[in-house]
Amino acid sequence: MKSASRMALQYVLLFAASGVTLPFAGLWFREQGLSGAEIGALLAIPMLGRLATGPLLAVWADGFRHRRTPIALLGLAMALGYGGAGLVQGFAAWAVCWFVGATAAAALIPLSDVMTLRVAKRDSFPFSLPRGCGSAAFVVANVAMGLLLTRASPDVVIIWISAAAVLIAVTAWRVLPDEPVTDGPRLPGMQRFKGLGRLVVDPVFMAAIFAVGAVQAAHAFYYGFSAIAWKAQGIPESVTGLLWAFSVLVEIGFMWVIEPWRRRAGIGAWAMLSVGAGAAVMRWILMAFSPPLWALWPLQSLHALSFAATYLAAVEIVERLSPPDSHTAAQTLGSVLSAGVLIGLATAVSGPLYDAFGLKGYLAMAGLAATGGLVGLILRARLAKT
């Protein structure tokens, strides 16, 4: 099996899991009798915890000889956490289990990105190819789970993501390329922490990942409450799955068609970030006014810009602004801020916003995306002068 296919399988399994947790975890917790605020808190706790767990896991992962080893171990931890959530009762027990599962799942993404970037450069294939396969798996998971939930208990959500986590662990152990963490000697833990510290005190780097993170974090209300809100509007779970699937199909088209064209045309990552931020602002403002089902389809197509364009811009910006020996730490820090701290805060706020204002909570997300876009424009102008 070629290295591109191996990395594609890794993304397929990762996003087969997140394609269920993102749209349907809220429904599972709602079935357990939790309020919007409680759901928001449960989903936000591991995101906020990434401020500590993200850097620690990045340094821990770089201590291994091969990149696939920590991926396999995190897949196992993910299975134990999510599987445990289905076996316990009570807010505290769910919080502990979800923290373990979601923390492991989140850490797998930057580790997979760094590994894929290295293998893609070595074997000459585009990063967006295997990453797009992950998006395709996200679509299948959306549709399949939406159909399953019309016939089965929401407990199928926990079964699905636990099984995917087990497969991630096995695949990492037996299938992923034997890629070394470093071509030279492994650095001791304290030196790896120092490399991380240099990035944290770099104002340009931190401003860049804040800009990207704010646009990505603006998806929090959508991730946590779109399925609940659409169900309240009378839209069945099967259609919710199709809506999510459609958004990711457009995302795949962007990654496989528009992204290669963008690189050939010389359109830079900062321009992509601006486009992504603008699309996010438009998307969330319009979503705040309870659009009918027919209008949700074109709004969902904006996901290709609000998410995919922003994500690919982030990977490129972070890699360019960090030294080669700190790419793992840099991608992890970017993920910690965008998929951790910022989206965690936005998710924690989203629960009370939904309880108090319903879909008008999307307006707060529009403001957050606009802030990220503005910071990106200012930083781009300053970098152009240097």
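On a 1 Å grid over the protein atoms alone, a cavity is a set of points where a 1.4 Å probe fits but cannot get out, and lining residues have an atom within 4 Å of a point. The structure analysed is a predicted model, in which local features need pLDDT of at least 70, side-chain atom pairs count only at pLDDT 80 or more, and totals for chains, interfaces and linings use all residues. Residues are numbered from 1 along each chain as its sequence is written, and side-chain values use heavy atoms, with hydrogens and water left out.

A search of the whole structure yields 5 cavities of 30 Å³ or more. The second largest cavity has a volume of about 40 Å³, a volume being the space filled by probe spheres set on grid points joined across faces, edges and corners. Its lining consists of Ala-61, Asp-62, Arg-67, Pro-70, Leu-111 and Val-181. By class, 4 of these residues are nonpolar, none is polar and 2 are charged, where Ala, Val, Leu, Ile, Met, Phe, Trp, Tyr, Cys and Pro count as nonpolar, Asp, Glu, Lys and Arg as charged, and the others, Gly among them, as polar.

A pocket, in contrast, is an open set with protein on both sides within 12 Å along at least five of seven lines. The second largest pocket has a volume of about 240 Å³. Of its 13 lining residues, Leu-117, Pro-126, Phe-127, Arg-263 and Glu-319 are the closest to the centre. Helix 4, helix 10 and helix 13 (303–320) each contribute at least two residues to this lining, helices being DSSP runs (H or I, at least four residues) numbered from the N terminus. The greatest contribution, 4 residues, comes from helix 13. The pocket lining comprises 7 nonpolar, 1 polar and 5 charged residues.

Helix 10 (residues 237–265) also gives the most to a nonpolar surface patch, with 4 residues. Val-257 is located in helix 10 and counts as exposed because its relative accessibility is 54%; exposed denotes over 50% relative accessible area, buried under 20%, and partly exposed the range in between (1.4 Å probe, protein chains only).

Two loop residues were examined for backbone geometry. Most residues other than glycine have a negative phi. Ser-124, however, has a positive phi near 60° and lies in the loop between helix 4 (91–123) and helix 5 (128–149). Ser-124 is exposed, with a relative accessible area of 65%. Ser-290 likewise shows a positive phi, of about 45°, and is placed in the loop between helix 11 (269–287) and helix 12 (293–301). Ser-290 is partly exposed, at 42% relative accessible area.
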